[in-house]
Amino acid sequence: MTQQSGLSQGQVPPRSQASRQFLVGLGRGGAGALIFGLPMLMTMELWSLGFYIERYRLLLLLLINMPLLVVLARRIGFEQTSTWREAIRDATVAYAIAIAMSAAVLFLLGIIKLDVPATELLGKIAIQAVPASIGALLGRSQLGGHQDDGPTDEEGETESEVITSYGRELFMMAIGALFLSLNVAPTEEIILISYKMTPWHALATLALSILIMHAFVYAVAFRGAHQLSRGTPRWHAFVRFTLPGYVIALAISLYVLWTFGRLDDTASTQVLMAAIVLGFPGAIGAAAARLIL
Amino acid sequence: MTITSKSRHTESSKPDWLEWATGIVSALLVLGIVGWIAGQAMLHQETPPEFRSTIHSTQAVAGGFRVEFELFNDGSTTAAAVEVRGELMGGAAASEAAQVTFDYVPGKSSARGALLFAEDPVGRDIRIRAVGYTEP
């Protein structure tokens with residue numbers, strides 16, 4: 001992974017500087033994997049999920065993660081006109097960092113030992129590597145400073161206008177929802193909460209999720225907040241972005257709950273309630289992704 | 001689409017029809033979910049957990065016999081820490097008993113489990129019933 005942030009196109013850095021930047025990039029990825037992955041690495045339910053999760057569901061999660069990372073890498077490198085090839089390379093490196101980091105931390109905490117069966121070992125690491133890999137990618141971009149990366153770009157100001165397609169916008173929301181859902185879904189609390197709730201509670205949660213999601217992006221003036229162009233009624237953005245975003249957050253919730261086997265043999269109303277409970281953090285994750293990415 | 005410049009995002013004022021289509025489909029989905037849950041809230045009254053069980057299979061395993069069963073909760077509320085007792089009948093009295101605890105059996109749903117017996121249950125009467133639960 002090279003640091004492209006400071007380099008203009010076509011400029012090749014000296015060899016020693018390039019390898020230093022590569023190591024700095026790895027370090028940032030590792031830091032990101034730790035920041036975003038530690039809450040999950042220290043969650044008990046995920047350790048046990050590592051050996052009882054059905055293998056085809058785990059495989060599916062790992063496969064889905066790959067194109068997700070590539071698109072995320074492409075998006076994050078947008079200021080530096082990264083190509084798809086570079087995005088694939090960055091995503092692969094981020095995944096590798098996440099796997100190494102997860103293995104190291106699980107080993108350090110004494111959760112995996114060398115004498116456990118290989119399937120259990122691999123299962124525990126693989127499931128942790130998914131959120132950690134998203135963290136590794138984010139770490140590279142969001143923690144990356146621009147000062148110490150060689151010559152600063154001159155053309156940055158004029159070319160920093162980027163058009164995000166509608167599909168990409170929804171995709172970013174899906175990544176944000178997936179990340180936060182993965183963090184909380186494995187805990188038993190999610191289904192416990194849905195059992196404690198009455199349908200009225202669920203309706204209130206649903207309304208609040210949508211409201212918060214909309215307010216996060218449009219009303220509260222965060223850095224990166226979205227605004228409507230003049231003359232567009234407010235409900236336009238609500239229908240075009242917030243509602244699809246919420247439906248995506250719910251769909252991701254269902255997918256994550258299914259992956260962790262929380263929906264098996266459960267009645268449809270209970271399934272929906274659990275999805276709404278998990279959709280609450282999912283919606284916030286989706287909204288946050290629109291601000292950050 | 002959205003135009004990003006210096007971390008300011010401005011939503012395009014002339015959106016594609018696809019954006020509207022997605023928005024409308026999403027609105028319908030959300031309304032559908034709200035309608036479904038509101039319907040559940042108003043029409044269905046809460047009934048306490050009610051259990052019944054069915055035996056799926058009996059297999060010989062190392063050191064005994066495994067009886068796989070499914071416990072249904074026909075009530076609308078969820079039961080937690082459901083203790084299930086299985087008795088192998090030998091004539092009129094139980095000759096062997098085994099028990100298992102389910103973390104949760106959600107309302108109108110089921111949970112699967114297995115009981116392990118030392119004696120061969122084939123051809124004998126097995127009684128499996130829930131003996132207690134807590135509210136989640």
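**Exercise 1. How many residue pairs are in polar contact between chain A and chain B?**

Start with the ground rules. This is a predicted model, in which local features need pLDDT of at least 70 and side-chain atom pairs count only at pLDDT 80 or more, while totals for chains, interfaces and linings use all residues. Residues are numbered from 1 along each chain as its sequence is written, chains are lettered from A and ligands numbered from 1 in the order in which they are written, and side-chain values use heavy atoms, leaving out hydrogens and water.

Step 1. Fix the term. A polar contact is a pair of N or O atoms within 3.5 Å; within protein, one must be able to donate a hydrogen and the other to accept it, and residues adjacent in sequence count only if both atoms are side-chain atoms.

Step 2. Count. Six residue pairs qualify between chain A and chain B, both residues being at pLDDT 80 or more.

Step 3. Sort the side of chain A that touches chain B. It holds 29 nonpolar, 13 polar and 10 charged residues. Here Ala, Val, Leu, Ile, Met, Phe, Trp, Tyr, Cys and Pro count as nonpolar, Asp, Glu, Lys and Arg as charged, and the others, Gly among them, as polar.

Step 4. Find the main supplier. α9(A) gives the largest share of that side, 10 residues. Helices (H or I, at least four residues) and strands (E, at least two) are DSSP runs, numbered from the N terminus.

**Exercise 2. Give the extent of the interface.**

Step 1. Count residues in contact (heavy atoms within 4.5 Å). The tally is 52 residues of chain A against 42 residues of chain B.

Step 2. Take the buried area, the accessible area (1.4 Å probe) that two parts lose on being put together, summed over both. Chains A and B bury about 4,000 Å², with 63% of it on carbon and sulfur atoms.

Step 3. Name the top contributors. Tyr195(A), Arg240(A) and Asp265(A) supply 15% of the area that chain A buries against chain B, more than any other three residues.

**Exercise 3. Locate a salt bridge across the interface.**

Step 1. Apply the rule: a side-chain nitrogen of Lys or Arg within 4 Å of a carboxyl oxygen of Asp or Glu. Two salt bridges cross the interface of chain A and chain B.

Step 2. Inspect a pair. Arg112(B) bridges to Asp265(A), with the closest N and O atoms 3.7 Å apart.

**Exercise 4. Check the confidence and one annotated span.**

Step 1. Read pLDDT, the predictor's confidence in each residue, from 0 to 100. Chain A has a mean of 82, with 83% of its residues at 70 or more. Chain B averages 86, and 92% of its residues score at least 70.

Step 2. Flag weak stretches. In chain A, pLDDT is below 50 over residues 1–10 and stays under 50 over residues 146–159.

Step 3. Turn to chain B. An unreviewed UniProt entry lists residues 20–43 of chain B as "transmembrane region". In the model this span is 100% helix, and its end C-alpha atoms lie 34 Å apart.

Note on methods
UniProt positions renumbered as here; feature names shortened; annotations may be inferred.
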